[in-house]
Amino acid sequence: MIENRIASPTDWDGWRSAARGLIARGVAPDRAVWSVAGGMRDLLADDHAPLPVEQSPAPFSVPRGFFALAESAILHRDPARFALLYELLWRLQNEKSLLSISIDPLVTKLEGMAKAVHRDQHKMKAFVRFREIAADDGAHFVAWFEPEHFIVEATAPFFARRFTNLDWTILTPDRCAHWNKIALFFADGASKSDAPAHDAIEEIWRTYYRSIFNPARLKVNMMRKEMPKKYWRNLPEAPLIKPLTDAALPASHGMIAAGGSAAKTNPQRMTDVKKQADDLFAQAPGSLAELRREAAHCRACPLWKDATQTVFGEGAAHAPLMLVGEQPGDKEDLAGKPFVGPAGAMLDRALEEAGIERKKTYVTNAVKHFKFTPRGKIRLHQKPNTAEIKACNPWLQRERAAVKPKLIVALGATAAHGVFGKAMAIGKNRGKLMELEDGAKALITVHPSYLLRVEEKDKAREYAAFVHDLKVAVKYLARR
Ligand code: URA
């Protein structure tokens, strides 16, 4: 057996150089043992075998997707991750397209691990709550968080970008991150008692939470999924969740009986609270500007490598109507804006005819990088696959959460897949108002580029059907 000791649980460089050495020596995965320095194997190990002589194997290049997958999967808490990644690397030498075989158990396992890590990072960004403490040199903000995986180092830069002008510390059992307005530092894990328990900011959070809590829209399962219970204990608003959910049923009946007027009691107070809270939340992680900045560095799938830039959504921040396309095209990729090329011109024309002002909508795409094949000087559009739609979906969900549109129009199959989270037949579903899991409404129609491609004789008819679908959206919004 060849013992490989990695310096820390997230030591990607250490794993890489060890793995490279093993490959060079032709060491098969079942002859390699992996451990983290200071872990159990350090205490027990006595099986150091001499390294086999280097064999100089034929050089091989690792497919693009490997790094994105491995850099996330290595942050998973499963101690087998180093060995699984080495097995993948080993097999990639002879199975070039292994990564595209999503039913391969090893690929499935590692993709599942990478996904769990992304989910955990998303939760950290959403559920870290800072509490203010007085420090000698001014205020310092401290948060306690318990991640499932080793994500602190990888996620801390998000908070550094977000809270650049504050001194803050995030304490976790594994690692602690400190930001001093200039640089990030990491230290060993801490215990919850090191974090302060309460401060005045919490009352504002609670006021906000009370003010946005709408009993008529309560979906307990959805809420649990988005805000799993284990995070509740660290949230200032947590003590409100149970009483508000318990009271939700009678309260929503009350709203119905009162013709909706229950929500309007003391309108001035509601407006003040809402404004104060909106101001606070405009600063909170997840504002559109922050999402856009964050998405600019997205590496969740390999499409970023060839694209010029992330093309994030744009439009009215609280638009009642969100339009979702497939992915940026050639023009959009260069301009950094959605729907500015020929499909965009077609969309603009139809929107105008349906009576929709584009600037009052929010326009985005299911996939935010341009996927193409180079053909000479031309970049030929390629349809995103399911993995790419899924990898990009958190951005769409977060745009939805920030904009809170009343209606989403999905333009074409890829958009519908992103919006509904599964493949949806266009022919069968188009033009209908459908309810999404969280109660919002969505409508599917064709993609405007379909109208550019369709045979000349069918053009007028298909265009009219598209405008008709958009008018269904207009009527729905007018009714509300
Ligand atoms: N097609 C899309 O789906 N989106 C764009 O932004 C441009 C073309």
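**Exercises on the ligand site and an aromatic pair**

In this predicted model, an oxygen atom of the ligand lies 2.7 Å from a polar backbone atom of Glu326.

**Exercise 1.** Determine which further residues are in polar contact with the ligand, and how much of the ligand the protein buries.

*Solution.* Step 1: the cut-off for a polar contact is a pair of N or O atoms within 3.5 Å. Step 2: a nitrogen atom of the ligand is 2.9 Å from a polar backbone atom of Gln327. Step 3: at His447 the partner is an N or O atom of the side chain, 2.6 Å from a ligand oxygen atom. Step 4: the ligand taken alone exposes 230 Å², of which the protein buries 93%.

**Exercise 2.** Describe the shell around the ligand by class, and state which pocket holds the ligand.

*Solution.* Step 1: the surrounding residues include Gly325, Pro328, Gly329, Glu332, Pro338, Phe339 and Asn365. Step 2: by class, the shell comprises three nonpolar, five polar and two charged residues. Step 3: the ligand sits in the second largest pocket.

**Exercise 3.** Classify the ring pair of Trp34 and Tyr86, and state which parts of the chain the pair ties together.

*Solution.* Step 1: the structure holds 15 aromatic pairs. Step 2: for Trp34 and Tyr86 the ring centres are 5.8 Å apart and the planes meet at 50 degrees, so the pair is tilted. Step 3: Trp34 belongs to strand 2 (residues 32-36) and Tyr86 to helix 4 (residues 81-92), so the pair ties together parts that are 52 residues apart in sequence.

Definitions and conventions: Residues numbered from 1 in each chain as written. Predicted model: local features only at pLDDT ≥ 70, side-chain atom pairs only at ≥ 80, totals over all residues. Heavy atoms only, no water. Near = heavy atom within 4 Å. Polar contact = N/O pair within 3.5 Å; in protein donor to acceptor, adjacent residues only side chain to side chain. Areas by Shrake-Rupley, 256 points an atom, 1.4 Å probe, with all protein chains shown as cover. 1 Å grid on protein atoms, 1.4 Å probe; cavity = no way out; pocket = protein on both sides within 12 Å on 5 of 7 lines; lining within 4 Å. Sits in = over half its atoms within 2 Å of the grid points. Nonpolar A, V, L, I, M, F, W, Y, C, P; charged D, E, K, R; others polar. Phe/Tyr/Trp six-rings, centres within 6.5 Å; stacked < 30°, edge-to-face > 60°. Helix = DSSP H or I, 4+ residues; strand = E, 2+ residues; numbered from the N terminus.
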